Amino acid sequence: INRYGAVRPSLALNTPFDFWWNGERIDLKICELYRRKMKRGRPVKFSSGWWVFNRNSNDFDFALCIGLLNDVPQKIFKIPNNDFPASGATVSPIKSKYDRFIIDM
């Protein structure tokens, strides 16, 4: 956070968003790629997997979603609040409607 000039809104852990960055309220979401191993009791041969980013509040400008694979960031999405679903976002690592929100860090 300090490296990019972001600031925590409070030292408390329970805040509606995680930090201020360039005047924007950012809610940070991090998820390891999930791959299904079994389906209906049988092993799955191939699964590209997905990332699940849950929504905890409505008080943020952007959700910064970091998709990990083996603890290494693969994709970073900066999704506006109004484009982030109320139930959360499920994102494919191959092709997703959220690819337009990918940013480089």
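User: Which residue in β2 does Phe-19 stand opposite?

Analyst: In this predicted model, Phe-19 lies in strand β1. Strand β1 (residues 19-21) pairs with strand β2 (residues 24-32) in the antiparallel sense, over three bridges. Within this pairing, the residue opposite Phe-19 is Ile-26.

User: Is Phe-19 buried or exposed?

Analyst: Phe-19 touches residues that include Ile-1, Val-7, Leu-28 and Leu-64, leaving aside those up to four places away in sequence. Its relative accessibility is 5%, and the cut-off for a buried residue is under 20%. Phe-19 therefore counts as buried.

User: How far apart in space are Phe-19 and Pro-9, C-alpha to C-alpha?

Analyst: Pro-9 is among the residues that Phe-19 touches. In sequence, Phe-19 and Pro-9 are ten residues apart. From C-alpha to C-alpha, the distance between them in space is 5.7 Å.

User: How far apart in space are Asn-56 and Phe-46, C-alpha to C-alpha?

Analyst: Asn-56 is found in the loop between β5 (51-53) and β6. Asn-56 and Phe-46 are ten residues apart in sequence. Their C-alpha to C-alpha distance in space is 31 Å.

User: Is Asn-56 buried or exposed?

Analyst: The position to consider is in the loop between β5 and β6. Asn-56 has a relative accessible area of 68%, and the cut-off for exposure is over 50%. Asn-56 is therefore exposed.

User: Which residue in the turn between β1 and β2 has a positive phi?

Analyst: Strands β1 and β2 form a hairpin, with two residues between them. A phi of about 55 degrees, positive in sign, is found in this turn. The residue that has it is Asn-22.

User: How many bridges join β2 to strand β6?

Analyst: Strand β2 runs parallel to strand β6 (residues 62-69). Within this pair, Glu-32 stands opposite Leu-68 in β6. The number of bridges joining β2 to β6 is seven.

User: What is the bridge partner of Leu-69 in β7?

Analyst: Strand β6 pairs with strand β7 (residues 72-80) in the antiparallel sense, over eight bridges. The two strands form a hairpin with two residues between them, and Asn-70 in the turn has a positive phi of about 55 degrees. In β7, the bridge partner of Leu-69 is Val-72.

User: Which residue's backbone nitrogen does the side chain of Ser-96 reach?

Analyst: Ser-96 is placed in the segment after β8 (89-91). Ser-96 counts as buried because its relative accessibility is 16%. At 3.1 Å, its side chain reaches the backbone nitrogen of Tyr-98.

User: How many strands does the secondary structure of the protein chain come to?

Analyst: Read along the sequence, the chain follows the pattern β-β-β-β-β-β-β-β. The count of helices is zero. The count of strands is eight.

User: What percentage of the residues of the protein chain count as buried?

Analyst: The C-alpha trace spans about 50 × 25 × 25 Å along its principal axes. The chain exposes about 7200 Å², with carbon and sulfur atoms supplying 52% of that area. Of its 105 residues, the proportion that count as buried is 36%.

User: How far apart do the centres of the positive and negative side chains lie?

Analyst: The protein chain has 17 positive side chains and 10 negative ones. The centres of these two sets lie apart by 13 Å.

Conventions:
Residues numbered from 1 in each chain as written. Predicted model: local features only at pLDDT ≥ 70, side-chain atom pairs only at ≥ 80, totals over all residues. Heavy atoms only, no water. Helix = DSSP H or I, 4+ residues; strand = E, 2+ residues; numbered from the N terminus. Buried < 20%, exposed > 50% of the residue type's maximum accessible area, 1.4 Å probe, protein only. Polar contact = N/O pair within 3.5 Å; in protein donor to acceptor, adjacent residues only side chain to side chain. Pairing = 2+ DSSP bridges. Areas by Shrake-Rupley, 256 points an atom, 1.4 Å probe, with all protein chains shown as cover. Lys, Arg positive; Asp, Glu negative; His and termini not counted. Charge placed at Lys NZ, Arg CZ, Asp CG, Glu CD. Contact = heavy atoms within 4.5 Å.
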